Amino acid sequence: MMTYTPFDNTGSQGETGLNGNPLEGAIGPVNVGEVERYGSIIAGAALVAAGLSRRSIKGLLLAAAGGALLMRGVAGHCRIYESIGVSTARPERPGVPDQMGVKVDRTIFIACPPEAAYRFWRNLENLPEFMEDIESVRILDDIHSRWILRGPGGRRLEWDAEIVNEHPGEMLSWQTLPGADVQSAGTVRFAAADGGTALRVVLEYHPPGGFLGARLARFFGRDPAGQLERDLTRLKELLENHAFSGAAG
């Protein structure tokens, strides 16, 4: 039985390149990825050189900005990232980059047995019936599937996903594979409650444009929490208004 849970932030980054140098973490926890750190060092050194060559107040300010970039690269810490809870320090992995995802958690009561709700959801090709933005899900094998989503401006986003944890009738977890247009992970739980099902969905995703992209999406009315609530309401209506034997296929 697979036991991976998509929202585990444990793990360590290998000590290669800049990692492990004496100044790493000197001004705060490492939250800048290695490629980005090299870029900061190169840009910082260029600014320092340009600033000192000017021999003026503006030049000193430029050199000071370059010095801050140099320290950002060597120490691997960005105060702005820290203030908004972002980290690019971990290498790419399936699912969502650590601390960079948007997380949504919603629970709904459905007047049907947990087993029926589970069977309907487990057939992933049923998901477009109640998830508004999902254009299609095609099952590739027992744990892999291909998803197509209708993105902003009519853009089609695609990814492959895999089921990483499953307890039949109780819970299902999945994550996207590397190369996905939208990195995401999710868990849905089906618990018996008051003669029906308390269905809880936890989604975490890293949209195009990253953390800033998610903020802009909410600003323009694409609220992921509200969208999930509407999707779950449609699922509730679908399961409660149709015969379970037909809906759970």
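## Nonpolar core

A nonpolar core is a set of buried Ala, Val, Leu, Ile, Met, Phe, Trp, Tyr and Cys residues joined through side-chain atoms within 4.5 Å. The model described here is predicted. Its largest nonpolar core has 36 residues. Trp-121, Leu-199 and Leu-235 touch the most other members. Helix 6, residues 224–241, gives the largest share of this core, with 6 residues. In soluble globular proteins, nonpolar side chains tend to be buried together.

Which residues does Trp-121 touch, leaving out those up to four places away in sequence? The contacts include three aromatic residues, Phe-130, Trp-174 and Phe-190. They also include Leu-127, Met-131, Leu-172 and Val-188. Leu-199, Val-201, Leu-232 and Leu-235 complete the list. Leu-199 and Leu-235 thus appear both as contacts of Trp-121 and beside it among the members that touch the most others.

## Aromatic pairs

The whole structure holds 6 aromatic pairs. One of them joins Tyr-118 and Phe-190. The ring centres are 5.7 Å apart and the planes stand at 90°, an edge-to-face arrangement. This pair links distant parts of the chain. Tyr-118 sits in helix 4, residues 114–122, and Phe-190 in strand 6, residues 183–193. The two are 72 residues apart. Both Tyr-118 and Phe-190 are buried.

Trp-121 and Trp-174 make another pair, with ring centres 6.4 Å apart. Why is this pair tilted? The planes of Trp-121 and Trp-174 meet at 40°, and tilted pairs are those that are neither under 30 degrees, which counts as stacked, nor over 60, which counts as edge-to-face. Trp-121 is in helix 4 and Trp-174 in strand 5, residues 171–176, so the pair ties together parts 53 residues apart in sequence. Both tryptophans, Trp-121 and Trp-174, are buried. Ring pairs join Tyr-118, Phe-120, Trp-121, Phe-130, Trp-174 and Phe-190 into a cluster.

## A buried serine in strand 5

Strand 5 also holds Ser-173. Is Ser-173 buried or exposed? Ser-173 counts as buried, because its relative accessibility is 1%. Its C-alpha lies 4.2 Å from that of Thr-187, although the two residues are 14 apart in sequence.

## Salt bridges

There are 12 salt bridges in the structure. Side chains of opposite charge can pair when their charged atoms come close. In one of the bridges, Glu-166 meets Arg-122 at 2.6 Å, N to O. Glu-166 belongs to strand 4, residues 156–167, and Arg-122 to helix 4, so the pair ties together parts 44 residues apart in sequence. Glu-166 is buried because its relative accessibility is 15%. Arg-122 is buried too, at 16% relative accessible area.

Glu-135 forms a salt bridge with Arg-156, with the closest N and O atoms 3.0 Å apart. Glu-135 is in strand 2, residues 134–139, and Arg-156 in strand 4, 21 residues apart. Glu-135 counts as partly exposed at 32% relative accessibility. Arg-156 is partly exposed as well, at 44%. Arg-156 also bridges to Glu-158, where the closest N and O atoms are 3.8 Å apart. Glu-158 is partly exposed at 28%. A network of salt bridges links Glu-135, Arg-146, Arg-156, Glu-158 and Asp-160.

## Nonpolar surface patch

Which residues make the nonpolar surface patch of about 450 Å²? Leu-52, Ile-57, Leu-60 and Leu-61 do. Helix 2, residues 57–75, gives the largest share, 3 residues. Leu-60 is in helix 2. Leu-60 counts as exposed because its relative accessible area is 52%, and the cut-off for exposed is over 50%.

## Positive phi in two loops

Arg-55 has a positive phi of about 50°, although it is not a glycine. Arg-55 is in the loop between helix 1, residues 34–54, and helix 2. Arg-55 is exposed, at 78% relative accessibility.

Asp-194 is another residue other than glycine with a positive phi, near 55°. Asp-194 lies in the loop between strand 6 and strand 7, residues 196–206. Asp-194 counts as exposed, at 78% relative accessibility.

Definitions and conventions: Residues numbered from 1 in each chain as written. Predicted model: local features only at pLDDT ≥ 70, side-chain atom pairs only at ≥ 80, totals over all residues. Heavy atoms only, no water. Buried < 20%, exposed > 50% of the residue type's maximum accessible area, 1.4 Å probe, protein only. Helix = DSSP H or I, 4+ residues; strand = E, 2+ residues; numbered from the N terminus. Contact = heavy atoms within 4.5 Å. Patch = residues over 30% accessible without salt bridge, like charges linked within 9 Å, V, L, I, M, F, W, Y side chains within 5 Å. Areas by Shrake-Rupley, 256 points an atom, 1.4 Å probe, with all protein chains shown as cover. Salt bridge = Lys/Arg side-chain N within 4 Å of Asp/Glu carboxyl O. Phe/Tyr/Trp six-rings, centres within 6.5 Å; stacked < 30°, edge-to-face > 60°.
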